[in-house]
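Visitor: I'm new here, so could you walk me through this one? Let's take it a question at a time.

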Amino acid sequence: IGPRQAGKTTLCTQAFSHLPLVSLEPLDNRQYAHSDPRGFLDEHRQGVILDEAQHVPSLFSYLQEEVDRDPTPGRFIVTGSQHFGLIQDITQSLAGRTGVLTLLSATMDELQRFPKYPTGLMELLWTGGYLRIHDQGIPADLWLGDYVTTYVQRDVRQVLNITDLLAFTDYIKLCAGRASTVLNLSALGGDAGLSHNTARSWLSVLEASFICFRVPAWRPNLRKQIVRAPKLHFFDSGLLCRLLGLTDPGQLRHHPLRGNVFESWVASEVYKLCSQSGSMPRIYHYRDSRGLEVDLVLERPQGLVLVECKSAATVTGDMLRPLQTLASRVQDKLQPAKEPQLVLVYGGNDSFTREGVRVLSWRHLDSYNWW
């Protein structure tokens, strides 16, 4: 599963080149699989890659019958670009018979394998990680604008009966303006002219289409009043920049939300790296009523990792203070045997250690063992 244009079909056809590919996007294939599922699967009894399988959810019940008849693993490779409903159908019909992998847009390490890849931070954030942009040299703002229109809005029609697509597009842009901030659905709905329930429902659609994700609040056993609302992040910084109306990387350098874009990019990179390792990302954020805030808190078997994200290229002592303050509280009251690791990801080029904090350049983000 994963967003459209993340490379799911290409990956599956290369990894399982011995299997035929059948896409359920065309109406004739979709109608055949829907009207005669047993006949459809009988034609592919030796194995098949079923692309965009969310279009025929009823097929999974018949797929269960076929898998139970012949449990040879790896015969059926199923892809889908909507988490919404697809996982529910798989869970109901194929529980215990499947492995689920998530393929998101490319990480920085993967982009560096293209002949021409973004070498500067602003260019990297503005371009994003969708593969076709880098593979075919398409201008990022043009491709991402078409992506919003062609894919996001089409998926919205299929998931929810949203007739006012202009209002939904405005809603996505409002979400982009709140990237890397604590989410207040009532305020978001009010600005969009929507009820709280509608704002929540529409946000679920964006999450189902792998456009954005929520990072829940970390709730340690400390006697402090913790802000419990999640933070909102976008999986692709290029798409986030497009929704913010940035038409070239230079605009991002002086944009008031540059730090938000950078933090969201770091959060998504960490999420992707953890996901690629096969581990479920356990990523949180911390904020208390007195203003202490740490951008990311990672729970790992070997201990906590506290992360601050600063887009500036110069490190100051104030950047380290929130990490050190929260670490002292955690060390005293939660895990005295496991000292948390402190990481500051910043917009400079050099990595080093200062006052017990690992200062990590954005260039070296993938060198850290996040999982």
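Guide: Sure. One term before we start: a cavity is a set of grid points where a 1.4 Å probe fits but cannot get out, and lining residues have an atom within 4 Å of such a point. Keep in mind that this is a predicted model.

Visitor: Which helices each supply at least two residues of the lining of the largest cavity?

Guide: The lining of the largest cavity holds 15 residues, and Gly128, Gly129, Ser237, Trp265 and Glu269 lie nearest its centre. Two helices each bring at least two residues to that lining: helix 6 (108-111) and helix 15 (258-276).

Visitor: And which helix gives the largest share of that lining?

Guide: By class, the lining of the largest cavity splits into six nonpolar, six polar and three charged residues. The largest share is four residues, and they come from helix 15.

Visitor: How many cavities of 30 Å³ or more does a search of the whole structure find?

Guide: Rolling a probe the size of a water molecule over the atoms shows where empty space is left. The largest cavity holds about 70 Å³ of space. Searching the whole structure with a lower limit of 30 Å³, the number of cavities found is three.

Visitor: Let's move to the pockets. Which helix supplies the largest share of the lining of the second largest pocket?

Guide: The second largest pocket has a volume of about 650 Å³. It is lined by 24 residues, with Ala6, Gly7, Lys8, Thr10 and Leu131 closest to its centre. Helix 1 (8-15) and helix 8 (131-136) each give at least two lining residues, and the largest share, five residues, is from helix 1.

Visitor: How many charged residues does the lining of the second largest pocket have?

Guide: Sort the lining of the second largest pocket by class and you get eight nonpolar and eight polar residues. The charged residues number eight.

Visitor: Why do the buried residues of helix 4 lie on the same side?

Guide: In helix 4 (residues 59-69), the buried residues are Leu59, Phe60, Leu63, Glu66 and Val67. An α-helix has 3.6 residues a turn, so residues three or four places apart point the same way. Those buried residues end up on the same side of helix 4 because the arc they cover around the axis is only 110°.

Visitor: Glu66 caught my eye there. How far apart are the closest N and O atoms in its salt bridge with Arg75?

Guide: Side chains of opposite charge can pair when their charged atoms come close. Arg75 and Glu66 are both buried. In their salt bridge, the closest N and O atoms are apart by 3.2 Å.

Visitor: Is Arg45, which forms a salt bridge with Asp42, buried or partly exposed?

Guide: The closest N and O atoms of Arg45 and Asp42 are 2.8 Å apart. Asp42 has 43% relative accessibility, so it counts as partly exposed. Buried means under 20%, and Arg45 has 32%, so Arg45 counts as partly exposed.

Visitor: Where does Arg329, the salt-bridge partner of Asp288, lie?

Guide: The closest N and O atoms of Asp288 and Arg329 are 3.0 Å apart, and both residues are buried. The pair links distant parts of the chain, 41 residues apart. Asp288 sits in the loop between strand 6 (283-287) and strand 7 (293-300), while Arg329 lies in helix 16 (residues 317-333).

Visitor: On to the rings. What kind of aromatic pair do Tyr130 and Trp143 form?

Guide: Tyr130 is buried at 2% relative accessible area, and Trp143 is buried at 9%. Their ring centres are 5.3 Å apart. With the planes at 40°, the pair counts as tilted.

Visitor: What about Phe168 and Trp202: what angle lies between their planes?

Guide: Phe168 lies in helix 10 (residues 165-177) and Trp202 in helix 12 (residues 196-208), so the pair ties together parts 34 residues apart in sequence. Phe168 counts as buried at 0% relative accessibility, and Trp202 as buried at 9%. The pair is edge-to-face, with 5.2 Å from centre to centre and an angle between the planes of 65°.

Technical notes. Residues are numbered from 1 along each chain as its sequence is written. This is a predicted model: local features need pLDDT of at least 70, side-chain atom pairs count only at pLDDT 80 or more; totals for chains, interfaces and linings use all residues. Side-chain values use heavy atoms; hydrogens and water are left out. On a 1 Å grid over the protein atoms alone, a cavity is a set of points where a 1.4 Å probe fits but cannot get out, and a pocket is an open set with protein on both sides within 12 Å along at least five of seven lines; lining residues have an atom within 4 Å of a point. Grid points are joined across faces, edges and corners, and a volume is the space filled by probe spheres set on the points. Ala, Val, Leu, Ile, Met, Phe, Trp, Tyr, Cys and Pro count as nonpolar, Asp, Glu, Lys and Arg as charged, and the others, Gly among them, as polar. Buried means under 20% relative accessible area, exposed over 50%, partly exposed in between (1.4 Å probe, protein chains only). The arc is that of the directions from the helix axis to the C-beta atoms. A salt bridge is a side-chain nitrogen of Lys or Arg within 4 Å of a carboxyl oxygen of Asp or Glu. Rings of Phe, Tyr and Trp (its six-membered ring) pair if their centres lie within 6.5 Å; planes under 30 degrees apart count as stacked, over 60 as edge-to-face and the rest as tilted.
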